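Trainee: Please take me through one part of this model closely. I am new to it, so pick the charged side-chain contacts and explain each term as you go.

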Amino acid sequence: MFKPQISMLAFEAQQVVWLRGIELARGGPAAKREAARMVNEKAAASRQAVLKAASGTAPKALFVGISARSGQTLVACLDRRL
């Protein structure tokens, strides 16, 4: 059951990377906002992962805790927003 979730996450993540690349290539104020949002998201995810790792969370549990979002992934939410 875990493997389909990983497959869907990989597919959705690739879509988001592509859509964000297009947004950044367009330039302008929207691209600046998207770039700032990307940096903020990465910093927040990094802090969350570091705190969980420091508290002794197993590596596999770290991944599951970050990627699983009650039936829909964070990546799917980003895909809809873009």
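**Helix H2 and its salt bridges**

Mentor: Start just past the end of H2. Gly56 follows this helix, and its phi is positive, near 95°. Helices here are DSSP runs (H or I, at least four residues), numbered from the N terminus.

A word on the basis. This is a predicted model, where local features need pLDDT of at least 70 and side-chain atom pairs count only at pLDDT 80 or more, while totals for chains, interfaces and linings use all residues. Residues are numbered from 1 along each chain as its sequence is written, and side-chain values use heavy atoms, with hydrogens and water left out.

Now the length of H2. The helix has 27 residues, and at 1.5 Å a residue they should span 39 Å. That expected span is 1.5 Å times one less than the number of residues. The end C-alpha atoms of H2 are 39 Å apart, which agrees.

Next, the contacts. The structure holds four salt bridges. Each is a side-chain nitrogen of Lys or Arg within 4 Å of a carboxyl oxygen of Asp or Glu.

Look at Glu34 with Arg20. Their side chains meet in a salt bridge, at 2.6 Å from N to O. Glu34 lies in helix H2 (residues 28-54) and Arg20 in helix H1 (residues 2-26), so the pair ties together parts that are 14 residues apart in sequence. Glu34 counts as buried, at 4% relative accessibility. Arg20 is buried too, at 6%. Buried means under 20% relative accessible area, exposed over 50%, and partly exposed in between (1.4 Å probe, protein chains only).

Glu34 has another partner. The side chain of Arg37 meets Glu34 in a salt bridge, at 3.7 Å from N to O. Arg37 counts as partly exposed, at 37% relative accessibility. Both residues lie in H2, three residues apart, about one turn of the helix. Salt bridges that share partners join Arg20, Glu34, Arg37 and Glu41 into one network.

Why does such spacing suit a pair? An α-helix has 3.6 residues a turn, so residues three or four places apart point the same way.

Helix H1 has a pair of its own. Arg26 forms a salt bridge with Glu23, the closest N and O atoms being 3.7 Å apart. These two are three residues apart in H1, so about one helical turn separates them. Arg26 counts as exposed, at 63% relative accessibility, whereas Glu23 counts as buried, at 18%.
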